[in-house]
Amino acid sequence: MIDHRLPEEYQDLRKTVEEFAREQVAPVIGEFYEQETFPYELVAQMGRMGLFGLPFPEEYGGMGGDYFALCLALEELARVDSSVAITLEAGVSLGAMPIFRFGTEEQKREWLPALCAGEKLAGFGLTEPGGGSDAGATRTTAVIDGDYWVINGSKSFITNSGTDITSAVTVTAVTGTSGSRKEISSIIVPAGTPGFTVAPKYSKVGWNASDTHELSFDDCRVPAANLLGTRGKGYSQFLRILDEGRIAIAAVSVGLAQGCIDECLRYIREREAFGHTIGTYQSVQFKLADMETRAHTARLAYYHAASKMLRGEPFKKDAAIAKLVASNAAMDNSRDGTQIFGGYGFMNEFPVGRFYRDAKILEIGEGTSEVQRMLIAREIGATG
């Protein structure tokens, strides 16, 4: 018999993060968001709770949990705010996870304890100004010079790359050619390395309390030992990281979609129009029914993808489906939620306006919706 109930340890984690989000994040995040400042104390609290170490072994400072536990935490955070959620998502799945998956024992012991504790953050430098979805068109180069890699190039839209606690960014770079194909490798670049420049933060539509920068590398020299995994395996490494990350982004999307429902349910019981609370009108009820259906369906999709990943089964298609369905749900729910709030939904003081601004990037980051459709079509053999 299929049992979709969460085991007790997952339920306890969900409850703990839900309480933290409601009691600690919700009262203050609006001010951080509008001032476009990074919530260092909230990040420190998440670190003390062990959230940054959820899917990592205890020997590296982690909590000994799994990737699904991370996704549950992300969903609960995103029900209140996506900036905080994406800081955790990027810190774990893009910052620490590549080092855990592909690093040497020395690299793991050097970098992971502080990352798992939330004392430090790391980023993953993949996207380039002229590349976008075409990650294979990497132009950043890394050339061996004695015991050092010399890196030149630039990266764009890199999360957690310029905070006061950023310790490193893992960068993909062309390290040679293999026949007619580029040889792409991953290299850990410590923050503050000469030649590594972090541009001023972007002015963004959403995720305004998260940290995002363009990075440039000008004869940036890092030790040859900072190569992550095997030379020339950078492309396959980031494909694996992106597959996993899509499940996490789906969880963030579901959280945002559910957060819209939470806000609307409170609002429709208080707001009156034409002599009645607006929740008595069928048009509003139907909107909320559709919103609940989207969030429920998207949650099942990411649960399914995560379960296949944890069982060691192929999950590329399932992750793409989860990310596509969930990001669509987030966008649609934020639009409908803002509509239910009417003019108040356009005011920054109400969370649904923030949710609307945050939702769009979920259809773009970690593979656009178009890329997800390409992956799904390829996986089912529809590409000929």
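Here are four short exercises, with worked solutions, on the predicted model shown above.

**Exercise 1. Find how helices α6 and α9 are oriented relative to each other.**

Step 1: Locate the helices. Helix α6 covers residues 234–268, and α9 covers 351–359.
Step 2: Look at their axes, which come within 10 Å and cross at roughly 160°.
Step 3: Compare with the cut-off. Angles over 145 degrees count as roughly antiparallel, so α6 and α9 are roughly antiparallel to each other.
Step 4: Add the handedness: the crossing of α6 and α9 is left-handed.

**Exercise 2. Take the salt bridge between Glu-244 and Arg-101, and work out whether each partner is buried or partly exposed.**

Step 1: Start with the contact. The side chains of Glu-244 and Arg-101 meet with an N to O distance of 2.9 Å, and a salt bridge requires this distance to be within 4 Å.
Step 2: Place the partners. Glu-244 sits in helix α6 and Arg-101 in helix α4 (residues 82–102), so the pair links distant parts of the chain, 143 residues apart.
Step 3: Recall that buried means under 20% relative accessible area, exposed over 50%, and partly exposed in between.
Step 4: Apply this. Glu-244 has 1% relative accessibility, so Glu-244 counts as buried. Arg-101, at 32%, therefore counts as partly exposed.

A general idea helps here: side chains of opposite charge can pair when their charged atoms come close.

**Exercise 3. Describe the salt bridge between Arg-14 and Glu-75, then name the network that includes both residues.**

Step 1: The structure holds 27 salt bridges. In the one between Arg-14 and Glu-75, the N to O distance is 3.7 Å.
Step 2: Arg-14 belongs to helix α1 (residues 8–35) and Glu-75 to helix α3 (residues 67–78); the two are 61 residues apart and link distant parts of the chain.
Step 3: Check the surroundings: both Arg-14 and Glu-75 are buried.
Step 4: Follow the shared partners. Salt bridges join Arg-14, Glu-75, Glu-76, Arg-79, Asp-262 and Arg-299 into one network.

**Exercise 4. Find the nonpolar surface patch that contains Tyr-344, and say where Tyr-344 lies in the chain.**

Step 1: Identify the members. Tyr-344, Phe-346 and Met-347 form the patch, and together they have about 350 Å² of accessible area.
Step 2: Find Tyr-344 in the loop between α8 (316–341) and α9 (351–359).
Step 3: Test Tyr-344 against the cut-off. A patch residue needs over 30% relative accessible area; Tyr-344 has 38% and is partly exposed.

Methods. Residues are numbered from 1 along each chain as its sequence is written. This is a predicted model: local features need pLDDT of at least 70, side-chain atom pairs count only at pLDDT 80 or more; totals for chains, interfaces and linings use all residues. Side-chain values use heavy atoms; hydrogens and water are left out. Patches are made of residues with over 30% relative accessible area and no salt bridge: like charges are joined within 9 Å, nonpolar side chains (Val, Leu, Ile, Met, Phe, Trp, Tyr) within 5 Å. Accessible areas come from the Shrake-Rupley method with a 1.4 Å probe; for residues, only the protein chains shown count as cover. Helices (H or I, at least four residues) and strands (E, at least two) are DSSP runs, numbered from the N terminus. Buried means under 20% relative accessible area, exposed over 50%, partly exposed in between (1.4 Å probe, protein chains only). Axes are lines fitted to C-alpha atoms, for helices over the stretch in contact, and angles run from 0 to 180 degrees between N-to-C directions. Angles under 35 degrees count as roughly parallel, over 145 as roughly antiparallel, 65 to 115 as roughly perpendicular and the rest as oblique. A crossing is left-handed if the near helix is turned anticlockwise from the far one by less than a right angle, and right-handed if clockwise.
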